[in-house]
Amino acid sequence: MKEGSIEEFRQIIKESNNIVFFGGAGVSTESGIPDFRSVDGLYNMKYDYPPETIISHSFFKARPDEFYRFYRDKILLSGIEPNTTHKELAKLEAMGKLKAVITQNIDGLHQKAGSKNVYEIHGTVASNTCMNCGKKFDGQYMIDAIDNGVKKGYAQGHGRSSESGSDDAEEGRGPALEKDGRKYYLPLCDKCGGLIKPDVVLYEEGLDDYIWDCSRRFISAADVLIVAGTSLVVYPAAGLVNYYKGNKLILINLSETPFDGEADMVLHKKLGEVFEGLCDRIS
Ligand SMILES: [Zn+2]
């Protein structure tokens, strides 16, 4: 293990055209998304259950109302934008240097920044499925549905005041929960009224085989593997690093990780600091 400098990091990136990036929560914290596992993260939030319980398959089934309150408050956030790291990675891909982004994050910010080849091993808030009929919904639909409810008549196009033309059209189901002056509705399908589930891998659920296999293949074929913003303590995700066969494993994380000893270079720095202006400096 070698504590590297930003200059040395840039040099390695400059010399390679087969880079793979594997990121965790730390990639998004600079966009204002809380890190589950950091001391400043969700653990300190005031809920009746710990985050791992709420974001589990069985809890979703048993208490979708509480699940969606937490989900809307802490996970499905409005107005979140990609940060420097997301943007520089998208540029690296456009330059033909970065082959894939593999992420444990579910916020969809890599795509929003322009990255194309993204493997989200824990799924994404940007895709959601009706558990009854299978209809797909985007993240904005979920925000609207949880905040305002899905109105009757919504299914007939976008007219919220459809055929009946009366107040009946506004009479969806009431809010599932009301806490601290805020209402939370269950996000229901506008076609069949079924409950919608995010395409996110909840605790107790397995990872998607296809995404896992692609991630594994890109990592094992990579010349440079950048592992960033992850404490590498959550399995099986952390185990992906073991598929890397090269000699340029770069770890970027503020605190130490169990893989520091195996890395060829470690940068205990803020990601934004490492990625700031990267593509301009190497082109
Ligand atoms: Zn449906």
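**Two sheets and two cores in a predicted model**

The protein has eleven helices and eleven strands, both taken as DSSP runs (H or I over at least four residues for helices, E over at least two for strands) and numbered from the N terminus. The model is a predicted one, in which local features need pLDDT of at least 70 and side-chain atom pairs count only at pLDDT 80 or more, while totals for chains, interfaces and linings use all residues. Residues are numbered from 1 along each chain as its sequence is written.

A good place to start is the overall packing. Of the 283 residues, 39% count as buried; a residue is buried if 20 or more other C-beta atoms lie within 10 Å of its own, exposed if 12 or fewer, and partly exposed in between, with C-beta atoms placed from the backbone. Contacts, for which the C-beta atoms of two residues must lie within 7 Å, often link distant parts of the sequence: among those in the protein with a separation of 6 or more, 66% join residues 24 or more positions apart.

The parallel sheet comes next. Six strands form an open sheet in the order β3-β2-β1-β9-β10-β11, with parallel pairing; two strands pair if DSSP finds at least two bridges between them. At its edges stand β3 (118-120) and β11 (265-267), each of which pairs on one side only. Neighbouring strands of this sheet are turned by 15 degrees against each other on average, direction ignored, where axes are lines fitted to C-alpha atoms (for helices over the stretch in contact) and angles run from 0 to 180 degrees between N-to-C directions.

Within this sheet, β9 has two partners. Strand β1 (residues 19-23) pairs with β9 in the parallel sense over five bridges, and F22 has V227 of β9 as its bridge partner. Strand β10 (residues 249-252) also pairs with β9 in the parallel sense, over four bridges, and here V227 stands opposite L251. Five of the five residues of β9 are buried, so the strand is largely enclosed by the rest of the structure. Both of its faces are covered, with V224, I226 and A228 buried on one side and L225 and V227 on the other. This pattern can be set beside a general rule: in a regular strand the side chains alternate between the two faces of the sheet. Further along, strand β2 (residues 98-103) pairs with β3 in the parallel sense over three bridges, and T103 has E120 as its bridge partner in β3. Helix α6 (residues 84-94) lies across β1 and β2, running at about 145 degrees to β2.

The largest nonpolar core has 44 residues, and those with the most contacts inside it are I19, V20, F21, F22, I102, L225 and I226. Such a core is a set of buried Ala, Val, Leu, Ile, Met, Phe, Trp, Tyr and Cys residues joined through C-beta atoms within 7 Å. Strand β9 (residues 224-228) gives the most to this core, with five residues. Apart from it lies another core, of 24 residues, among them F70, I106, V150 and C189.

Two residues give a closer view of how separate elements meet. Leaving aside its neighbours within four places in sequence, V20 is in contact with residues including K99, A100, I102, F218 and L225. F218 itself lies in helix α9 (residues 209-221) and counts as buried because it has 23 C-beta neighbours inside 10 Å. With the same neighbours in sequence left aside, F218 is in contact with V20, K99, A100 and I102. The C-alpha atoms of F218 and V101 are separated by 9.2 Å, although the two residues are 117 residues apart along the chain.

The second sheet is antiparallel. Three strands form an open sheet in the order β5-β4-β8, with β5 (136-137) and β8 (196-200) as the edge strands. Five bridges join β4 and β8 in the antiparallel sense, and C130 has I196 of β8 as its bridge partner. Helix α8 lies across β4, β5 and β8, running at about 65 degrees to β4.

Helix α5 (residues 64-75) also reaches this region. Its buried residues are E66, F67, Y68, R69, F70, Y71, R72 and I75. They pack against α3 (51-54), α4 (57-62), β4 (123-130), α8 (139-148), β6 (177-179) and β7 (182-184).

Finally, the two ends of the chain can be considered. Q11, in helix α1 (residues 6-15), is partly exposed, with 14 other C-beta atoms within 10 Å. The C-alpha atoms of Q11 and R281 are separated by 9.5 Å, with their places 270 residues apart along the chain.
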